[in-house]
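The report below follows selected helices, residues and one pocket through the structure shown here. It is meant to be read with the coordinates open.

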Amino acid sequence: MNAMRSARKWTTIGFLVGLPLFLFVVSFFLGRYAIDPVTAIQIIVAAIIEAIPACPISIPHTWPTVMDTVVLKIRLPRICAAMLVGAGLAISGAAFQGLFRNPLVSPHILGVASGAGFGAALGILISGSMFVVQSLAFTFGIVAVVATYLLARVYRTTPTLVLVLAGIIVSAFFQAMISLTKYVADPYEKLPAIVFWMMGSLADVRVSDLYIIGPLIIVCIIILLLIRWRINILSVGDEEAKALGINTTRMTQIIIVCATVITAMAVCISGIIGWVGLVVPHIARMIVGPDYKKILPVSVVIGACYLLVVDDIARTLTAAEIPLGILTAVIGAPVFAYLLKFRKVGWE
């Protein structure tokens, strides 16, 4: 029995490690510009070798230069961004579900998506520069969550219910501001850009974007992974957590800050992508059970794979790219309905 459990454990670990690596490589082959697998692998290996100082090995360039551009400057940053955003949204959703003790919570519950959406819409309206759009999206995403937290503090406490209600209020306000921005926008240029950005896409991601968002998302993911055992304690209630010596206020602040930064950075480069942080933690819970020490790392892996597959579908299914927000909703809603039907959205 022990040998069988050990074999099953290592099989699961191997699958969770091997799947993202497999999808990472396969994604380079996919796209409207056809590149055969052998050439794509040669381009990747050649780039790695050239990055190593004084490496004696070299691969002759027998492929057109345009393939280097497609693989290394277009597909590589997009693939990495999809995995980062998917992993970040998934672990944020899992952490919030444990913190709020509610399986229906998503990373957008505190208003970060609405705030970032308004910031991006405002950036598109006044400038159109991608730097301005991303900067305002991140800034207003943080402002929205700070406003939520301060509104909850009016009651001299931060119980989860008050935070959720404050998040609903702040989200409604910024949704109204987004509508106002759309109303005053130029209907021929600015308005379509705002609407398309709200649907979510990774089409404009570049390597420079990864240098900014990558380290912040990775650091916040690591912090959440390091404190994941404390989320187990928080999920049983504030009184029980305090009795076990956990500073619930400080832990709540750490989780909110990390999840907010991850979500705000994700929204900056991808727009608003729903359902990832809601559905993926439930899939992870079905695989490994209710232990957050396992749910969070598994959510990272599944979230990265899920959004990468969705992005591959978005850029290959039709000639015109499908917004990611549409696909994640089309896929996520039936999956969540299935979980709801079989009562697998709870904690048991």
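P20 is found in helix α1 of this predicted model, and at 13% relative accessibility this proline counts as buried, because the cut-off for a buried residue is under 20% relative accessible area. Once residues up to four places away in sequence are set aside, P20 touches F15, M83, V301 and C305. The C-alpha atoms of P20 and G303 lie 9.9 Å apart in space, although 283 residues separate the two in sequence.

Helix α1, which covers residues 2–26, also takes part in the largest pocket, since α1, α12 (276–288) and α13 (292–316) each supply at least two residues of its lining. That pocket holds about 340 Å³ of space. Of the 13 residues that line the largest pocket, T12, I13, V288, K294 and V298 are the closest to its centre. By residue class, the lining of the largest pocket divides into 8 nonpolar residues, 1 polar residue and 4 charged residues.

Two helices can be compared with the span expected from their residue counts. Helix α2 comprises 15 residues, from 37 to 51, and at 1.5 Å a residue it should span 21 Å; the C-alpha atoms at its ends are 21 Å apart, so the expected and computed values agree. The expected span rests on one less than the number of residues, multiplied by 1.5 Å. Within α2 the buried residues are T39, A40, I43, I44, A46 and I49, and these buried residues pack against α3.

Helix α5 comprises 24 residues, from 130 to 153, for which a span of 34 Å is expected at 1.5 Å a residue, and its end C-alpha atoms are 35 Å apart, which agrees. Its buried residues are V133, Q134, L136, A137, G141, A144, V145, T148, Y149 and A152. The elements that cover these buried residues of α5 include α4 (112–126), α6 (160–184), α7 (190–199), α8 (207–226) and α11 (248–270).

Two of those covering helices hold residues that can be described individually. M251 is found in helix α11 and, at 6% relative accessibility, counts as buried. Leaving aside its neighbours within four places in sequence, M251 is in contact with I227, R230, L234 and I246. For M251 and I227, which are 24 residues apart along the chain, the separation between C-alpha atoms is 8.6 Å.

P192, in turn, lies in helix α7, and at 41% relative accessibility P192 counts as partly exposed. Its contacts, not counting residues up to four places away in sequence, are with D186 and P187. P192 and T62 are 130 residues apart in sequence, and their C-alpha atoms are 42 Å apart in space.

Most residues other than glycine have a negative phi. Two residues that are not glycine but have a positive phi are set out below.

| Residue | Phi | Location | Relative accessibility |
|---|---|---|---|
| R101 | about 55° | loop between α3 (65–100) and α4 | 29%, partly exposed |
| W275 | about 75° | loop between α11 and α12 | 32%, partly exposed |

How many disulfides does the structure hold? The structure holds 0 disulfides, and the distances around two of its cysteines can be set against the cut-off, which requires the two sulfur atoms to be within 2.5 Å. The sulfur of C80 has its closest cysteine sulfur in C305, and the 13 Å between them is too far for a bond. C305 is also one of the residues that P20 touches. C80 itself counts as partly exposed, at 24% relative accessibility.

For C220 the closest cysteine sulfur is that of C258, at 4.5 Å, which is again too far for a bond. C220 is buried, with a relative accessible area of 8%.

How values were computed. Residues are numbered from 1 along each chain as its sequence is written. This is a predicted model: local features need pLDDT of at least 70, side-chain atom pairs count only at pLDDT 80 or more; totals for chains, interfaces and linings use all residues. Side-chain values use heavy atoms; hydrogens and water are left out. Helices (H or I, at least four residues) and strands (E, at least two) are DSSP runs, numbered from the N terminus. Buried means under 20% relative accessible area, exposed over 50%, partly exposed in between (1.4 Å probe, protein chains only). Contact means heavy atoms within 4.5 Å. On a 1 Å grid over the protein atoms alone, a cavity is a set of points where a 1.4 Å probe fits but cannot get out, and a pocket is an open set with protein on both sides within 12 Å along at least five of seven lines; lining residues have an atom within 4 Å of a point. Grid points are joined across faces, edges and corners, and a volume is the space filled by probe spheres set on the points. Ala, Val, Leu, Ile, Met, Phe, Trp, Tyr, Cys and Pro count as nonpolar, Asp, Glu, Lys and Arg as charged, and the others, Gly among them, as polar.
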